[in-house]
Amino acid sequence: MKLNLKIWRQNGPQDKGEMKTYPIDGVDGDMSFLEMMDMLNNQLVESGESPVAFDHDCREGICGMCSLYINGEAHGPDRGVTTCQLHMRKFNDGDTIYIEPWRAKAFPVIKDLVVDRSSFDRIMNSGGFVSVNTSGNTVDANSIPIPKDDADKAFEAATCIGCGACVASCKNASAMLFVSAKVSQLSLLPQGKVEAKERVLNMVQTMDDEGFGNCTNTGACEVECPKGISLENIARMNREYLKGALTK
Amino acid sequence: MSVLDSKIPEGPIDRKWSDYKNKIRLVNPANKRNIDVIVVGTGLAGGSAAASLAELGYNVKAFCFQDSPRRAHSIAAQGGINAAKNYQGDGDSVFRLFYDTVKGGDYRSREANVHRLAEVSASIIDQCVAQGVPFARDYGGLLDNRSFGGVLVSRTFYAKGQTGQQLLLGAYSAMSRQIGKGKIRMYTRHEMQELVVVDGKARGIIARNSVNGELERHSAHAVVIASGGYGNVFFLSTNAMGSNVSANWKIHKKGAQFANPCFTQIHPTCIPVSGENQSKLTLMSESLRNDGRIWVPKNIEDVEAIKQGTKKPTDLTEDERDYYLERRYPSFGNLVPRDVASRAAKERCDAGYGVNATGEAVYLDFAAAIERYGKEQAHVQHVESPTAEDIYKLGKGVVEGKYGNLFQMYYKITDDNPYETPMKIYPAVHYTMGGVWVDYNLMSTIPGCYVAGEANFSDHGANRLGASALMQGLADGYFVLPYTIGDYLADDIRTGAIPTDTTEFDEAENAVRSHLERLIDVQGTKSVDYFHKRLGKVMWNNVGMARNEKDLNSAILEIQNIRNEFYSNVRIPGKIDELNPELEKAGRVADFLELGELMAIDALSRNESCGGHFREESQTPEGEAQRKDDEYGYVASWEYSGNPSEPKLHKEDLVFENIKLVQRSYK
């Protein structure tokens with residue numbers, strides 16, 4: 001198929017940036033979106049133009065590195081997938097496709113479609129862990145039975161890949177879904193309960209300091225999340241936060 | 001020929017590690033604060049090593065090329081992690097895990113290392129649970145297990161099809177805690193370009209900051225390389241796009257020997273190649289072979305009918321199907337080790353029974369499992385005289401619970417619904433058992449330069465068993481390296497910080513700069529991918545699942561040609577001092593173009609079949625891998641001579657005191 005790509009080009013963090021048009025031919029439905037981008041880049045390189053910079057790595061939807069805003073949706077029109085798993089069969093011959101970076105104050109653009117998501121890491125550094133040393137001298141893994149239901153819920157929250165689609169989709173650029181997924185995982189498990197209060201207060205504080213917006217319950221994040229992380233997690237985090245703030 | 005000293009401790013196998021640990025030198029906590037350690041790579045091995053070293057008190061600098069340490073490719077591991085917990089009471093033990101791993105590796109690994117791995121395996125599970133890793137549990141709240149290829153017990157712990165993700169996020173959280181405390185300084189979007197050796201010891205690295213292209217000098221008292229495997233030398237593999245051999249290759253060129261480079265694991269269950277523009281292959285976890293049955297049609301007419309679309313696989317009756325693994329290997333059936341399953345698929349497809357347009361696919365079928373689970377559930381839920389539809393629905397629910405994310409992934413990629421029609425799968429490059437040679441302490445032949453995880457060669461021999469990569473990565477990082485490195489660093493308590501304004505750092509930085517300039521100055525006509533794809537084709541056709549003398553010799557010449565062309569006709573746009581993904585790729589491909597040749601040379605020199613290395617000249621009458629223990633019972637360790645085409649071979653003889661070598665059989 002033939003496509004008309006409109007891609008955000010920005011040479012550096014200080015550059016103003018603009019949308020540029022690139023026609024492309026010979027795209028087939030079995031190609032992934034990023035393979036289509038590879039094809040474009042190889043053509044650009046061989047014709048002496050500068051290729052489009054974009055983040056990607058595992059290309060199987062789990063590393064969370066790819067991050068394109070396609071036709072106004074994080075990771076494009078398909079549901080439950082990242083951009084690397086989006087296939088061109090979701091588009092039609094002759095389509096115009098708009099490709100932009102994540103846009104959020106806390107995710108500054110580095111170049112073209114590449115943004116800086118280190119704010120997510122800094123939130124994790126402030127409390128996204130259980131304070132246990134890796135000595136191996138812990139109790140036997142089966143000494144604390146955990147109800148299957150709790151373990152399953154914790155697992156579902158823990159499947160967050162930290163891609164930032166929730167922030168990109170939110171009109172307030174809020175990171176509540178991301179932060180609440182980690183808070184939920186650890187507060188559902190006995191191992192994480194010991195420091196639950198401190199964790200939620202510290203992580204929320206860092207989230208605010210990094211310049212993420214507030215949550216106004218529009219639910220866009222849940223719809224666009226490639227891993228189906230549920231809004232319930234935000235509700236759980238709000239309860240944990242309230243508990244922590246009142247009893248501190 | 002110099003003798004490789006593996007430094008295996010004396011004593012009986014089950015006492016070696018504990019006795020050695022009791023005697024190893026320790027560094028006191030106050031002195032640890034004056035010692036710096038660099039860790040390159042933040043996957044399971046690197047991430048767990050960085051966290052543990054920081055907890056012990058060392059100053060750690062960790063590097064990864066991704067934008068966050070959480071993205072390392074360990075995250076994509078699906079099926080599970082082995083541990084000798086014997087929670088199922090099915091006869092498992094440390095010895096049995098040790099035995100299975102040595103046998104699975106076709107007797108080309110070091111007994112002492114593998115036994116240590118089996119010993120620490122149980123602690124890994126305890127550790128991860130304490131960190132909040134949400135492993136699968138049964139209704140009693142205890143941990144669940146499943147079975148993997150090449151073993152007869154259930155010792156694999158898992159978190160749906162995302163075990164690697166959960167374990168890596170555990171290691172990442174341990175790292176995050178230390179980053180928050182300032183004990184780890186994390187350098188993301190940084191790629192190691194060179195090792196700096198001072199007075200014969202590894203004392204630092206040159207790294208390129210990919211955001212602004214600056215070359216940075218980082219010094220330390222020891223350097224740990226945990227940069228993963230080199231499967232991307234085949235261009236198409238299940239590795240992440242950025243996975244590369246460069247850190248390993250740079251230390252190889254500085255004196256670290258590279259062991260068994262030709263030992264490559266071709267995983268039997270991957271989604272088949274669909275077209276020329278494909279950039280990577282996707283694995284379907286080995287855990288699927290617990291419930292999926294592998295088959296091709298018995299009659300060649302049915303193959304043709306399926307290819308032409310006049311028949312569907314579901315139209316074929318049971319006796320029109322050839323469940324070839326169950327037929328050839330009745331005792332292990334669909335759960336034979338990966339090398340055996342891959343070769344069996346190739347054998348059927350080479351004979352013309354492949355079921356897709358390219359003739360390179362076999363079926364992985366869940367219909368029988370859905371029916372079996374459906375009947376079980378109907379019984380449990382007291383559904384009286386269930387219809388076929390009831391059974392399908394109930395069974396589908398169970399299969400979805402176990403493998404839901406894998407089925408969804410398959411559906412998204414192929415547009416076929418695997419609940420209704422069998423999956424199509426074919427072998428693909430997945431893991432590399434070879435790697436930098438290390439001694440028992442995980443130290444390479446460069447003093448102070450350690451190598452952990454997939455990047456080293458030590459534990460899996462010629463074939464890795466499923467769910468053992470995660471085990472080895474975390475064992476190395478959490479429980480082995482943090483101890484053994486102390487023995488070396490005990491000599492450095494008075495050294496003080498290593499300065500970076502020295503000739504050694506000047507020279508290393510200049511070498512990196514001139515290499516990058518050389519690449520960018522070619523200004524030819526072809527993209528980096530063009531050369532990478534050509535290299536990949538040569539590797540897959542000549543150094544892939546089956547190898548012979550003639551093809552290997554021609555591969556060596558072809559790789560040399562591609563390398564020469566690369567340096568005269570590659571086109572890299574942009575500059576060195578800016579974000580330049582094409583330049584990053586070019587640096588990695590330049591190293592693959594040298595490694596590929598070494599792999600072919602190694603495969604040529606090993607004229608036996610073992611594990612994943614199958615020389616057509618050396619097979620049993622049934623077509624199984626034929627080892628030659630008398631001639632090749634060694635580790636082939638290669639020294640860089642200054643010319644990639646003339647590596648120098650060293651041998652470490654493998655001594656088996658606890659396991660009797662036999663022809664591996666899974667019949």
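Start by selecting V39(B) and V224(B): V224(B), in strand β9(B), is the bridge partner of V39(B). Before you go on, note that this is a predicted model, in which local features need pLDDT of at least 70, side-chain atom pairs count only at pLDDT 80 or more, and totals for chains, interfaces and linings use all residues. Residues are numbered from 1 along each chain as its sequence is written, chains are lettered from A and ligands numbered from 1 in the order in which they are written, and side-chain values use heavy atoms, leaving out hydrogens and water.

**Stop 1: the open sheet of chain B**

Now widen the selection to residues 36-40 and 222-225 of chain B. These are strands β1 and β9, which run parallel and are joined by four bridges. Helices here are DSSP runs of H or I with at least four residues, strands are runs of E with at least two, and both are numbered from the N terminus. Two strands count as paired if DSSP finds at least two bridges between them.

Which strand order does the open sheet have? Its five strands follow β5-β2-β1-β9-β17 in chain B, with parallel pairing. Colour 184-187 and 449-451 of chain B to see the edge strands, β5 and β17, each pairing on one side only. From one strand to the next, the twist averages 20°.

Next, add helix α6, residues 163-181 of chain B. This helix packs on the sheet and touches β2 (59-63) and β5 of chain B. The direction of α6 makes about 110° with that of β5(B). Contact means heavy atoms within 4.5 Å; axes are lines fitted to C-alpha atoms, for helices over the stretch in contact, and angles run from 0 to 180 degrees between N-to-C directions.

**Stop 2: a hairpin**

Select 201-209 and 215-219 of chain B. Strands β7 and β8 run antiparallel here, joined by five bridges. One pair to pick out is I205(B) with its bridge partner H218(B) in β8(B). Five residues separate the two strands of this hairpin, and G213(B) in the turn has a positive phi of about 75°. Is β8(B) mostly covered or uncovered? It is mostly covered, with four of its five residues buried. Buried means under 20% relative accessible area, exposed means over 50%, and partly exposed lies in between (1.4 Å probe, protein chains only).

**Stop 3: two crossing helices**

Show α5 (residues 111-130) and α13 (residues 469-489) of chain B. Their axes come within 9 Å and cross at roughly 100°. The two helices are therefore roughly perpendicular to each other, a label for angles of 65 to 115 degrees (under 35 is roughly parallel, over 145 roughly antiparallel, and the rest oblique). On the α5(B) side, the residues to display include L117(B), V120(B) and I124(B); on the α13(B) side, they include L474(B), Y478(B) and F479(B). By class, this contact has ten nonpolar, five polar and one charged residues.

Stay in α5 of chain B and click N113(B), which sits in this helix. N113(B) counts as buried because its relative accessibility is 1%. Leaving aside residues up to four places away in sequence, N113(B) touches Y440(B), S458(B) and D459(B).

**Stop 4: a residue in α4**

Go to D100(B), in helix α4 (residues 94-104) of chain B. At 11% relative accessibility, D100(B) is also buried. Its contacts, not counting residues up to four places away in sequence, are V151(B), R155(B) and L465(B).

**Stop 5: two positive phi angles**

Most residues other than glycine have a negative phi. Select R189(B), which is not a glycine yet has a positive phi of about 50°. R189(B) is in the loop between β5 and β6 (190-198) of chain B, and at 8% relative accessibility it is buried. Then move to Q523(B), in the loop between α14 (503-521) and α15 (528-542) of chain B. Its phi is also positive, near 50°. Is Q523(B) buried or partly exposed? With a relative accessible area of 40%, Q523(B) is partly exposed.

**Last stop: chain A**

Finally, select chain A, which has nine helices and seven strands. Its C-alpha trace spans about 60 × 35 × 35 Å along its principal axes. Of its 248 residues, 60% are buried.

Definitions and conventions: Nonpolar A, V, L, I, M, F, W, Y, C, P; charged D, E, K, R; others polar.
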